[in-house]
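Student: Could you take me through one part of this structure closely, namely the open sheet and what packs around it?

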Amino acid sequence: MVLVTACGSNGNSNGNAANSANSGADAESGNAASGDKLKVVLLIPGTLGDKSFFDAANKGLERVKSELGAETKVVEMGTDKTKWEPTFNDIAAEDWDVVISGGSEITEMFNMTAEANPDKKFINYDTDIEEAPANMYNMSYSTNEVSFLAGAVAALTTQSDMPNANAENVIGFVGGMDIPGINAFLVGYIQGAQYVDPDVKVAVSYAGDFVNPAKGKELSLIQYNSGVDVIFNVAGGTGLGIFDAAKEKTKYAIGVDSDQALLLQDTDSEKANLIITSAIKKIDSAILGAVTKLQDGTLEMGKRDVLGFVEDGVGIAENDIYGSVFPADLQAKVEEVKQKLINKEITVDNAMGMETSEVEGIRNAVKP
């Protein structure tokens with residue numbers, strides 16, 4: 001996903017590797033601390049705490065440590081983009097076997113770092129750019145397909161007699177930026193909603209920012225006040241404001257990248273119970289799988305794989321909240337749609353590669 005829901009909500013923007021969080025590894029440097037352990041470092045182009053994209057990657061690194069016994073470290077590069085490239089180069093010069101980062105926004109500089117360090121292995125856990133150096137492995141996800149399923153959930157919700165649904169046949173979408181990676185979610189979401197009800201309307205807003213929860217809340221309140229009863233969050237840290245607005249107006253939301261209801265349940269159960277489901281990119285499993293294959297010598301470098309339902313790269317959160325808040329008959333309809341996606345009985349358009357005018361036409365066709 002092009003940056004996708006990138007950049008966490010934490011305000012720390014210090015990009016120095018010295019100010020990094022550790023995942024149980026030697027914090028003093030990138031040098032191996034013991035024996036033949038695989039040494040893996042994760043570079044976050046932002047900060048942790050978004051309860052979405054970056055936190056999912058960090059979870060993947062934690063699994064690499066716990067399940068593979070690797071030495072690991074996570075470096076929060078902050079939101080100052082001028083510090084990203086120097087940090088990539090500094091870390092690559094250290095004694096790490098595998099350097100991981102994610103997002104199409106960093107892909108060009110990450111590729112350059114890989115090309116300058118042919119003795120190291122690099123993994124980009126989320127990019128829509130196909131080209132990869134010979135010592136890099138890239139991944140992306142079928143966000144259009146999982147968003148199709150999220151759109152079906154939203155349309156079924158607004159039509160339902162669920163307690164916080166209203167009579168208006170309008171659902172919402174708040175994206176971080178008006179860019180192809182975010183619009184891949186949007187187009188799938190619209191098509192999934194129309195699959196359920198061709199007459200559904202979709203309110204669309206872009207925050208122009210991935211780290212501004214206040215803006216996310218402001219845009220969401222406008223949508224909720226206009227008659228929207230469920231909003232799909234595709235805005236990274238900005239999207240945390242969507243959940244604030246949902247709580248204030250007692251309306252529904254759909255999360256992204258991670259199971260956001262589960263992540264919020266312990267700190268704010270009232271807010272979590274309004275997040276019907278989340279469109280998940282299984283970033284943690286993807287990172288663990290790639291590093292496992294690399295360790296086994298079976299990872300095919302110099303290519304990009306697209307992970308969808310069949311590859312278990314995407315899915316919706318079917319947690320206890322989904323089971324209790326979303327009626328069983330509607331869950332059955334969503335499962336039917338999911339199986340059709342898995343069986344390729346439904347073809348979902350992808351905004352990646354679409355002309356701007358085509359995306360605009362799709363938006364305008366469902367404008368309330």
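Tutor: What follows is a walk through the sheet, the helices on it and the core.

Bear in mind that this is a predicted model. The open sheet is formed by six strands in the order β2-β1-β3-β4-β5-β11, and their pairing is parallel. At its edges lie β2 (71-76) and β11 (303-307), each of which pairs on one side only. Direction ignored, neighbouring strands of the sheet are turned by 20° against each other on average.

Looking at one pair, strand β4 (residues 121-124) and strand β5 (residues 136-141) run parallel and are joined by three bridges, and Asn124 stands opposite Asn138 in β5. Helix α1 (residues 53-68) packs on the sheet, where it touches β1 (39-44) and β2, and its direction makes about 175° with that of β1. Helix α3 (residues 104-116) also packs on the sheet, touching β3 (98-101), β4 and β5, with a direction that makes about 170° with that of β4.

Turning to the core, nonpolar side chains tend to be buried together in soluble globular proteins. Here the largest nonpolar core has 99 residues, and Tyr125 and Phe232 are those with the most contacts inside it. A second, separate core of 16 residues includes Met77, Trp96, Phe110 and Phe122. Leaving aside neighbours within four places in sequence, Tyr125 is in contact with residues including Ile44, Phe53, Tyr141, Ile283 and Ile287. Ile283 and Ile287 are among the buried residues of α10. The 14 residues of helix α10 (residues 283-296) should span 20 Å at 1.5 Å a residue, which agrees with its end C-alpha atoms being 20 Å apart. Just after α10, Gly297 takes a positive phi of about 80°.

Terms used:
Residues numbered from 1 in each chain as written. Predicted model: local features only at pLDDT ≥ 70, side-chain atom pairs only at ≥ 80, totals over all residues. Heavy atoms only, no water. Helix = DSSP H or I, 4+ residues; strand = E, 2+ residues; numbered from the N terminus. Expected span 1.5 Å × (residues − 1). Buried < 20%, exposed > 50% of the residue type's maximum accessible area, 1.4 Å probe, protein only. Core = buried A, V, L, I, M, F, W, Y, C linked by side-chain atoms within 4.5 Å. Contact = heavy atoms within 4.5 Å. Pairing = 2+ DSSP bridges. Axes fitted to C-alpha atoms, helices over the stretch in contact; angles between N-to-C directions.
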